[in-house]
Amino acid sequence: MKMPADVIREEILKSGVISFARFMELALYCPETGYYEANRDIVGQRGDFITSVSTGSLFGELLAFQFEEWLQELPVGGCRLPIVEAGAHGGQLAGDILTWLQANRPKLFEKIEHIIVEPSRNRQRWQEETLKNFSEKVAWVSQLSELKDRQFTGGVIFSNELLDAFPVHRYGWDAAKKSWFEWGVALEAGNFCWVRMTHDKSSLPQLCPPELEAVLPDGYMVETSPAAEIWWREAAGILSHGKLLTIDYGHSAEERFSPARLRGTLRAYRRHQVSDELLANPGEQDLTAHVNFFAIQKAGEAAGLKTEQFSTQPQFLTRILQKAVTEKMFAGLNAKQVRQFQTLTHLEHLGRAFRVLVQSR
Ligand SMILES: C[S@@+](CC[C@H](N)C(=O)[O-])C[C@H]1O[C@@H](n2cnc3c(N)ncnc32)[C@H](O)[C@@H]1O
């Protein structure tokens, strides 16, 4: 079994330089040995980073409450109500959602089919184990296009921290030349190093409005993730009715360029330490960047979806909680749930950077 560092080295030796997006793809998804392929317990206190899911079951319970309302709005309340999840990793969120629906909405639960989009056989095995009590409710497809084979036309498609795990290209601004260049990865004395790639100017994407370029400092960095946009556009295309939801840390168009972020948003996580040593130990640390929500929103709208909301995680979850309390589904929160809600919404925790995009058809 080849380790990510060896596979990356071989590719660089063949071509001299690879894009950072290719480096990230191999570091995270190299078959069997990539970071997300080989490591099950990366989320949570004992892992490398926390997510809203690892704060406790309340996050999934609030989503389940919201999904019920969305599923009831579907044009035909057929015998099957599909919820599609992508980026399920260990399957915890699916477990929280299904547990709540089973206990609180038994009639709806009967009709629910939870489909997980999971390209990796390893991760599917972890999910099967976590969800063994729901084996009749859960089905897997390895890619979005297979949803058509399952006669999926509409329902809810959702993800939490999926889009930030897609590979990103990193670009830098050359103030003297007034042009962007892409940062690539090469080898120097056997070690991975950053190099400027040479691209035809016309092949570079439009990275920022021209009026902003006039004031950008030399070296300013920004990332793009065409893979995330392609994924979203494909999901949008499959949805003939229902909702497409994603929750992630990211920026709106206005937030994307800030003097405080000269080096972009790419970072590595290992044992809850954040680092900008992005080329160190490929396969042993998470690599991630903020989601460009403006680009994602545009991709969905180009596929014909309507943007229903783009909000912060605190706004989104507070609205659901208020509705749930009014409808007496949550009599109130116990002390443990209050702590979870605070972690999910407080600006010092997960409340500041997390955004929610809901589009519909
Ligand atoms: C940061 S983890 C999110 C885990 C979980 N949703 C949570 O919030 O705790 C991102 C997950 O997305 C998975 N992933 C990446 N690309 C994917 C794709 N195209 N389809 C489905 N999952 C994908 C990764 O392998 C990883 O398991």
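Me: What makes up the shell around the ligand: how many residues are nonpolar, polar and charged?
Reply: Nine are nonpolar, four are polar and two are charged. Arg counts as charged and Gly as polar. Keep in mind that this is a predicted model.

Me: How many residues surround the ligand, and which are the closest?
Reply: The ligand is surrounded by 15 residues. The closest are T51, G87, H89, R123 and N160. The cut-off is a heavy atom within 4 Å.

Me: What makes the pair between G87 and the ligand a polar contact?
Reply: A polar contact needs a pair of N or O atoms within 3.5 Å. In G87 a backbone N or O atom lies 2.7 Å from a ligand nitrogen. The pair therefore meets the cut-off.

Me: What are the distances from H89 and R123 to the ligand?
Reply: An N or O atom in the H89 side chain is 2.7 Å from a ligand oxygen. For R123, a polar side-chain atom lies 3.0 Å from an oxygen atom of the ligand. The limit is 3.5 Å, so both pairs count as polar contacts.

Me: How much of the ligand does the protein bury?
Reply: Alone, the ligand exposes 600 Å². The protein buries 93% of that.

Me: Why is H89 called buried?
Reply: Its relative accessibility is 12%. Buried means under 20%, so H89 qualifies. H89 sits in the loop between strand 2 (81-86) and helix 5 (92-104). Its phi is positive, about 45°, although H89 is not a glycine.

Me: Why is E32 called partly exposed?
Reply: E32 has a relative accessible area of 42%. Partly exposed runs between the 20% limit for buried and the 50% limit for exposed, so E32 falls in that class. E32 lies in the loop between helix 2 (20-29) and helix 3 (35-38). Phi of E32 is also positive, near 70°, in a residue other than glycine.

Me: What makes a set of residues a nonpolar core?
Reply: The members are buried nonpolar residues, such as Val, Leu and Phe, joined through side-chain atoms within 4.5 Å. The largest nonpolar core here has 43 residues. F67, L101, L245 and F316 have the most contacts inside it. Helix 4 (residues 58-72) gives the largest share of this core, nine residues.

Me: Which residues does F67 touch, leaving out those up to four places away in sequence?
Reply: F67 touches I83, I97, V156, F158 and L245. Apart from the largest core lies another, of 27 residues. Among them are V7, Y35, V185 and F192.

Terms used: Residues numbered from 1 in each chain as written. Predicted model: local features only at pLDDT ≥ 70, side-chain atom pairs only at ≥ 80, totals over all residues. Heavy atoms only, no water. Buried < 20%, exposed > 50% of the residue type's maximum accessible area, 1.4 Å probe, protein only. Helix = DSSP H or I, 4+ residues; strand = E, 2+ residues; numbered from the N terminus. Contact = heavy atoms within 4.5 Å. Polar contact = N/O pair within 3.5 Å; in protein donor to acceptor, adjacent residues only side chain to side chain. Areas by Shrake-Rupley, 256 points an atom, 1.4 Å probe, with all protein chains shown as cover.
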